[in-house]
Amino acid sequence: MTLFEVKGWELKQEKIAVGGVVSKKKAKKEKKEKKRQAEAEANAAVQNAETAAITEVVANDQAEEKPQESKKRKADSEHTQTKKSKTKQVEAPAPIVSTTTKLTPLQQKMMAKLSGSRFRWINEQLYTISSESALELIKSQPSLFDEYHAGFRSQVASWPENPVDVFVKQIKTRATTRNVNAPGGLPGLANRKVVVADMGCGEAQLSLDVSKFLAQHNKKNKRKLDIQVHSFDLKKHNERITVADIKNVPLPDESCTIVIFCLAMMGTNFLDFVNEAYRILAPNGELWIAEIKSRFTESGNNANPEDVGQEFVDALKLCGFFH
Ligand code: SAH
């Protein structure tokens with residue numbers, strides 16, 4: 001698992017997973033804090049993304065662990081569902097109206113501020129509602145997806161490393177240095193086909209990069225590689241994407257060998273996504289996750305940096321994975 005620390009992307013974790021009512025006073029304080037933060041950020045967009053260690057979590061083929069846990073998971077998702085209604089009081093900043101007139105530098109700066117706050121608002125929505133509501137939201141207002149990704153792209157551009165590139169590199173390296181299904185090689189089905197599900201793929205960059213790599217590799221090499229990438233998201237932004245809520249994707253059980261969540265564990269019911277990954281992964285398949293550190297810290301600043309993500313990794317083990 002790769003964890004990224006991104007300033008200005010902190011999530012109010014207590015709103016998502018831990019429970020407890022957010023008091024009005026606290027909400028007001030948070031709002032003030034958020035405003036201050038937004039102002040500071042407008043001048044200096046996100047500058048730093050810090051990469052922590054990469055850990056891969058491998059699908060466990062001991063299926064008997066699963067039934068015990070399914071009750072707990074249900075309870076968890078019910079718990080987070082209840083939270084949803086208590087946290088939806090945020091107002092959307094005004095949508096960006098596109099204009100054909102040339103903007104002055106000041107206008108450009110103001111436009112950037114506005115689009116930054118729209119991005120943060122959509123981002124917060126997607127993290128604090130259930131995946132069903134997210135699908136509804138994007139279906140009813142598809143332009144939110146485009147606004148979100150315009151903001152997302154500009155954030156990622158300022159990071160030292162894009163996590164999608166980390167995963168693409170991982171695929172290329174393992175595919176070219178080891179045989180499929182050999183130790184250290186990519187996991188494949190019995191016929192050595194590697195099947196990847198990119199859950200919450202955004203603009204499906206991973207699929208594009210992998211198919212370019214595959215075309216080049218297979219042109220030059222006798223030993224052909226067979227890698228198929230399925231890309232799922234809330235909007236069909238291009239032909240590579242299948243629209244689906246990642247808690248329920250249209251793929252058969254045990255049909256994939258790698259499932260990727262690249263900054264896509266959005267939604268209060270994110271453990272449902274982990275269960276879905278378990279369902280579609282073949283035995284010995286791998287789960288790859290890149291997330292923002294604050295997604296997994298209680299307070300965001302007083303946790304021991306080395307423990308960040310540990311609770312989540314423990315939850316993954318309870319869902320049947322090991323690493
Ligand atoms: N993985 C891409 C995009 C990350 S942004 C990348 O790293 O570049 C997170 C993406 O997850 C968004 O495109 C959002 O629409 C998608 N997403 C969030 N919840 C989802 C859900 N329940 N089902 C499908 N996609 C979801």
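# A guided tour of the model

Begin by selecting tyrosine 278, which has a relative accessibility of 11% and therefore counts as buried, because the limit for a buried residue is under 20% relative accessible area. Please note that the structure on the screen is a predicted model. Next, select phenylalanine 321, which is also buried, at a relative accessible area of 2%. These two residues will return in the next stop.

**Stop 1: aromatic rings**

Display the side chains of the aromatic residues; the count of aromatic pairs comes to seven. For one of them, select phenylalanine 167 and tryptophan 288: their ring centres lie 5.6 Å apart and their planes meet at 35°, so this pair is tilted. Tilted is the class for angles that are neither under 30 degrees nor over 60. Now trace the chain between the two residues. Phenylalanine 167 belongs to helix α7 (residues 163-177) and tryptophan 288 to strand β8 (residues 281-292), so that the pair links distant parts of the chain, 121 residues apart. Both phenylalanine 167 and tryptophan 288 are buried.

Return to tyrosine 278 and phenylalanine 321. Their ring centres are 5.4 Å apart and the planes stand at 80°, so the pair is edge-to-face. Tyrosine 278 is part of helix α9 (residues 270-280), while phenylalanine 321 is part of strand β9 (residues 321-322); the pair therefore ties together parts of the chain that are 43 residues apart in sequence.

To finish this stop, select Phe119, Tyr148, Phe152 and Trp159 together, which form one aromatic cluster.

**Stop 2: strand β7 and its partners**

Select residues 256-262, which make up strand β7. How many of the seven residues of strand β7 are buried? Seven of the seven are, so the strand is largely enclosed by the rest of the structure.

Add strand β4 (residues 194-199), which pairs with β7 in the parallel sense over four bridges. To locate one bridge, select alanine 197, whose partner in β7 is valine 259. Then add strand β8, which runs parallel to β7 and is joined to it by six bridges. Here, phenylalanine 261 has isoleucine 289 of β8 as its bridge partner.

**Stop 3: two residues with positive phi**

Select alanine 204, in the loop between β4 and α8 (205-220). Alanine 204 has a positive phi of about 60°, although it is not a glycine. Its relative accessibility is 0%, so alanine 204 counts as buried.

Select glutamate 254 next, in the loop between β6 (241-243) and β7. Glutamate 254 likewise has a positive phi, of about 55°, and is not a glycine. Is glutamate 254 buried or partly exposed? At 48% relative accessibility, glutamate 254 counts as partly exposed.

**Stop 4: the ligand**

Finally, select the ligand and the 19 residues around it, of which His149, Gly200, Asp233, Asp245 and Cys262 come nearest. This shell divides into 13 nonpolar, four polar and two charged residues. Helix α6 (residues 143-157) supplies the largest share of the shell, with four residues.

Several polar atoms deserve individual inspection. In the side chain of histidine 149, an N or O atom is 2.7 Å from an oxygen atom of the ligand. At alanine 244, a backbone N or O atom lies 3.4 Å from a nitrogen atom of the ligand. At cysteine 262, a polar backbone atom is 2.9 Å from a nitrogen atom of the ligand. Now show the surface of the protein: the protein covers 97% of the 570 Å² of accessible area that the ligand has on its own.

Key:
Residues numbered from 1 in each chain as written. Predicted model: local features only at pLDDT ≥ 70, side-chain atom pairs only at ≥ 80, totals over all residues. Heavy atoms only, no water. Near = heavy atom within 4 Å. Polar contact = N/O pair within 3.5 Å; in protein donor to acceptor, adjacent residues only side chain to side chain. Areas by Shrake-Rupley, 256 points an atom, 1.4 Å probe, with all protein chains shown as cover. Nonpolar A, V, L, I, M, F, W, Y, C, P; charged D, E, K, R; others polar. Phe/Tyr/Trp six-rings, centres within 6.5 Å; stacked < 30°, edge-to-face > 60°. Buried < 20%, exposed > 50% of the residue type's maximum accessible area, 1.4 Å probe, protein only. Pairing = 2+ DSSP bridges.
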